Amino acid sequence: MDRIKLRRAIARTPLAPVAAFPKRLRTIARYDAKVLRSSVRWLVKSREHHNYTYDLTPLSRNHLAWFVSVICDIPVKQVRAYLDEIESDDTLRQHLLAAIAESDRRRLADKEIRYARRIGWYAIVRAARPKHVVETGVDKGLGSVVLAAALLRNAAEGHPGRVTSLDINPEAGYLARVAPWSEVVDLVIGDSLASIAALDRPVDLFLHDSDHRTAHERREFDAVEPKLAPGAILLTDNVTITNVLAQHAESTGRRFLAFRETPANHWYPGDGIGVAW
Ligand SMILES: C[S@@+](CC[C@H](N)C(=O)[O-])C[C@H]1O[C@@H](n2cnc3c(N)ncnc32)[C@H](O)[C@@H]1O
């Protein structure tokens, strides 16, 4: 009996799981070794301890371009041009490098500027041209400054807009406190639910990225609903963890899609963008 026939014969016997064990072990060992290598590289090279930054793999970036293309109903070429635009914005990059170098948190930040899925937020703002963006959860302000960069480009093309960035931490947002980006950013310190309740202008684009507990995320979408402008877009950064935005979309008659990013050269499995529109 040749080897293939022998293998097929064993696969039909009670010995099949035992015979398959070495192959299964090799598969999982290869996978774990890859994760271990990138974890060790990250432990040695990176200084970040939360809200990690990384680039997307080329495939993930391409999927993100198609994702935005569908949501905003624009050609994928246009989305790719927006992604290139933010990634090649050297003025912004230099500002971020300088602001990080001057910050007293610099020892917990990396010197490379990598936006991860935020390039998708940028492209959505460029395509949708919102007058008022609200972002809950600011941290250092990387997302706020990316949103501001998109709003400044929109303004230069005759479509001005502002972003209200909400965080409970008074130290949040230092990357977004420098002109020209700060000129379109309103940083509001306080609990996001109270800050959403106090919003006095219609919201065209809302992004949840604060307290990621399910109940808080749900409360944010409920609180912002009466504040939304017609045709508003809702985003969540929590889409790989909860089903909150999908449920909200269903109960309010919107469409919903989710994108899951793949970080390049990182142990972290990545987050995503959930959109209801
Ligand atoms: C994941 S970080 C935000 C990341 C940011 N959007 C970015 O692009 O880098 C989460 C932030 O939410 C803030 N946060 C947590 N609970 C909050 C609440 N109840 N209201 C407002 N902000 C909150 C935290 O202080 C933290 O800065």
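**Notebook: two domains, a core and a ligand shell**

I started with the spacing of the domains: the centres of domain 1 and domain 2, taken over C-alpha atoms, are 41 Å apart. A reminder to myself that this is a predicted model. I then looked up the bounds, and found domain 1 at 3–43 and domain 2 at 55–276.

Next I checked the overall dimensions. Along the principal axes, the C-alpha atoms fill a box of roughly 80 × 45 × 35 Å. For secondary structure I noted 10 helices and seven strands in the chain.

On to contacts. Of those with a separation of 6 or more, 72% join residues 24 or more positions apart.

How much of the chain is buried? I read off 36% of the 277 residues. I went on to the largest nonpolar core, which has 61 residues. V68, Y122, I124, V125, V146 and A148 have the most contacts inside this core. It fits a broader pattern I like to keep in mind: nonpolar side chains in soluble globular proteins tend to be buried together.

I picked V146 for a closer look. Leaving aside neighbours within four places in sequence, I found V146 in contact with I86, Y115, R118, W121 and Y122.

Last, the ligand. Which residues are closest to it? I listed G137, G143, S192, S210 and D211, out of 19 that surround the ligand. By class, I sorted the shell into five nonpolar, seven polar and seven charged residues. I also asked which elements supply at least two residues of the shell. My list has β1 (132–136), α7 (142–156) and β2 (162–167), each of which does so.

How values were computed
Residues numbered from 1 in each chain as written. Predicted model: local features only at pLDDT ≥ 70, side-chain atom pairs only at ≥ 80, totals over all residues. Core = buried A, V, L, I, M, F, W, Y, C linked by C-beta atoms within 7 Å. Buried ≥ 20, exposed ≤ 12 C-beta atoms within 10 Å, placed from the backbone. Contact = placed C-beta atoms within 7 Å. Helix = DSSP H or I, 4+ residues; strand = E, 2+ residues; numbered from the N terminus. Near = placed C-beta within 6 Å. Nonpolar A, V, L, I, M, F, W, Y, C, P; charged D, E, K, R; others polar. Domains from an automatic or database assignment.
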